[in-house]
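Open the model in a viewer and keep the selection tool at hand. The tour below goes from one selection to the next and says what is found at each stop.

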Amino acid sequence: GMNEMIQLESDDPKILQYSNNIEKAGESLLGIINDILDFSRIEAGRMELNELPYSLPELINDLQMMVMAKAREKGLGFSMEIDEKLPVSPVGDMQKLRQVITNMLSNAVKYTKEGSVKMTVSLVSMEDENFVMDVSVEDTGIGIKKEEMDKLYSAFDRLDVERNRNIEGSGLGLAISQKLLAMMDSEIRVRSEYGKGSCFSFSVRQGISDRTPVGGSEDAFFTVDLKEMKRTASFTAPSSRILVVDDTPLNLQVICGLLKGNRIKIDTAESGEQCIDLFGKNEYDLVFLDQRMPNMDGVETLAELKKLYPDAAGKTPVICLTANVLAEGKEMMLKAGFTDYLTKPVKLFEMEQMLLRYLPADKVCGIQDRDRPAEGETPVIPEGVKTIKEIDTEQGIGYCGDEEDFLDALRVFASSAKEKADKIESLFDAGDHENLSLLAHSVKSTSRAIGAGKLSELAAHTESQAKDGDGESLKETVSEFTDAYRSLGEKLQAVLENPGEDPK
């Protein structure tokens with residue numbers, strides 16, 4: 001989310017290039033984790049296809065960007081041959097298709113010491129509503145021994161271990177890819193000669209959303225436009241008002257930052273109780289509601305909203321924010337009464353699509369209607385803030401993205417510090433170490449986001465001790481933590497209310 005905010009707010013080509021690299025590297029790292037999760041889901045029969053229209057040039061470009069850097073690092077050649085008759089917009093599960101091809105390309109680069117890797121995507125047949133395309137990846141790598149072919153799709157199995165001992169990998173990629181293709185009524189074909197190279201390929205049937213041919217121009221696939229890295233809001237809705245509920249302030253900050261360009265009025269709540277209170281006082285066009293919260297989770301909060309405000313809750317879309325990506329988890333949220341759901345971590349495009357789907361049409365405007373701030377309107381951080389030794393101002397601005405978001409974060413922090421410190425003490429007195437740990441975790445993130453590193457460390461220590469259940473040492477830690485928390489909140493409140501005065 002923070003990286004997307006860089007893409008939203010920076011115009012520096014070099015920074016955008018760095019940010020794009022961060023995004024791609026992050027996706028690759030997430031892919032390693034997802035391999036483990038996917039294998040578990042497939043084995044448990046909990047994997048499903050999500051077939052939607054997608055852009056074939058976008059898929060090809062993503063694959064090209066991913067493999068080019070890896071091939072360049074090893075001094076390998078890389079080429080692509082794309083059939084110009086392929087439809088520009090197929091219908092299928094692009095994410096799983098990309099996962100399979102990415103695995104094939106990664107393996108080709110990984111097991112090729114010199115020479116080249118080539119990917120070919122060709123049209124096999126075209127019908128009225130679907131088509132068949134063939135994808136192949138050929139390399140000049142080490143190849144596969146005939147006696148090891150049977151082990152090719154075994155989970156956690158590594159081939160030619162002695163020769164490949166320095167090559168990293170979980171041994172899950174091909175096993176997962178074969179199972180994913182089986183869900184698409186396809187399978188991997190292998191042709192290999194030990195010592196000379198391999199060719200992995202598959203054919204898959206996809207639907208058609210737009211049958212316009214992709215064309216033969218390499219420019220459609222081999223260029224990365226910096227304008228595309230620069231993220232911008234696709235619409236504005238200045239007269240709309242939404243409520244975002246999440247117990248972690250940093251998540252609220254990211255969502256508000258991502259939607260800044262959409263000019264939507266956003267209220268935030270950090271608990272189910274606050275959500276219910278705000279919902280009763282205001283009219284909202286949409287609510288984003290986190291599922292996992294202490295005391296009252298999203299399902300319980302939604303049930304209470306429907307009980308207390310049946311008319312308003314009945315006509316207001318309530319979108320579940322959830323980290324549960326399993327099909328039954330999503331079904332459970334819909335059965336509980338949520339209008340729809342978004343999987344965390346949320347992205348700008350996905351959030352915008354959800355807003356466009358459910359906001360009143362008469363409140364949505366084109367991006368050209370957005371008012372741009374005048375020169376010199378950038379907020380100035382009060383000098384008093386810079387004199388508070390507990391806060392690293394530059395670090396806080398760096399975490400928040402800009403001075404405006406930093407000031408907003410300071411205001412939220414200052415206004416809630418005393419209330420939260422009191423809550424932490426009451427949870428300790430009640431022996432509720434579980435919710436104490438959750439609240440300390442939240443303050444840890446908030447403190448770090450404004451550059452209050454020492455307080456963040458105290459919050460982390462409190463969280464850790466609360467999880468361990470050490471009551472005697474926890475008492476002393478809570479006391480030190482809440483004293484520091486209140487003190488910083490008071491200093492900030494004084495400076496923000498009287499910018500010209502130094503904090504005492």
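Two strands count as paired if DSSP finds at least two bridges between them. With that in mind, select strand 4 (residues 116–126) and strand 5 (residues 130–139) in this predicted model. The two strands form a hairpin, with three residues between them. Their pairing is antiparallel and extends over nine bridges. To see one of these bridges, pick Ser 125, whose partner in strand 5 is Val 132.

Keep strand 5 selected and add strand 7 (residues 197–213). These two strands also run antiparallel, joined by nine bridges. Here Val 137 is a residue to pick, with Phe 200 of strand 7 as its bridge partner. How far is strand 5 enclosed by the rest of the structure? Largely, because nine of its ten residues are buried.

Next, select strand 9 (residues 241–245) together with strand 10 (residues 265–269). This pair runs parallel, and five bridges join the two strands. Arg 241 and Lys 265 of strand 10 stand opposite each other. Strand 9 has four buried residues out of five, so the rest of the structure largely encloses it.

Move to strand 2 (residues 77–82) and pick Met 80 there. Is Met 80 buried or exposed? Its relative accessible area is 10%, under the 20% cut-off, so Met 80 counts as buried. Now add Ile 60, which is 20 residues away from Met 80 along the chain. A distance of 9.1 Å separates the C-alpha atoms of the two residues.

The next stops are salt bridges, of which the whole structure has 21. Start with Asp 83 and Lys 85, whose side chains meet at 3.2 Å, N to O. Asp 83 counts as buried, at 15% relative accessibility.

Then select Glu 193 and Lys 196, another salt bridge, with an N to O distance of 3.4 Å. Glu 193 is partly exposed, at 45% relative accessible area, whereas Lys 196 is exposed, at 57%.

For a third salt bridge, go to helix 15 (residues 403–429) and show Lys 418 and Asp 422. Their side chains meet at 3.0 Å, N to O. The two residues are four apart in the helix, which means that about one helical turn separates them. Lys 418 is exposed, with 55% relative accessible area, and Asp 422 is partly exposed, with 32%. Extend the selection to Glu 425 and Arg 486: salt bridges with shared partners join these two residues, Lys 418 and Asp 422 into one network.

Two surface patches remain. For the nonpolar one, select Leu 29, Leu 30, Ile 32, Ile 33 and Leu 37, which together make a patch of about 480 Å². Ile 32 lies in helix 2 (residues 13–43). At a relative accessible area of 55%, Ile 32 is exposed.

Which residues form the negative surface patch? Select Glu 472, Glu 476, Glu 480 and Asp 483 to show it. Asp 483 belongs to helix 18 (residues 471–497) and is partly exposed, with a relative accessibility of 46%.

Note on methods: Residues are numbered from 1 along each chain as its sequence is written. This is a predicted model: local features need pLDDT of at least 70, side-chain atom pairs count only at pLDDT 80 or more; totals for chains, interfaces and linings use all residues. Side-chain values use heavy atoms; hydrogens and water are left out. Patches are made of residues with over 30% relative accessible area and no salt bridge: like charges are joined within 9 Å, nonpolar side chains (Val, Leu, Ile, Met, Phe, Trp, Tyr) within 5 Å. Accessible areas come from the Shrake-Rupley method with a 1.4 Å probe; for residues, only the protein chains shown count as cover. A salt bridge is a side-chain nitrogen of Lys or Arg within 4 Å of a carboxyl oxygen of Asp or Glu. Lys and Arg count as positive and Asp and Glu as negative; His and the chain ends are not counted. The place of a charge is taken as NZ of Lys, CZ of Arg, CG of Asp or CD of Glu. Buried means under 20% relative accessible area, exposed over 50%, partly exposed in between (1.4 Å probe, protein chains only).
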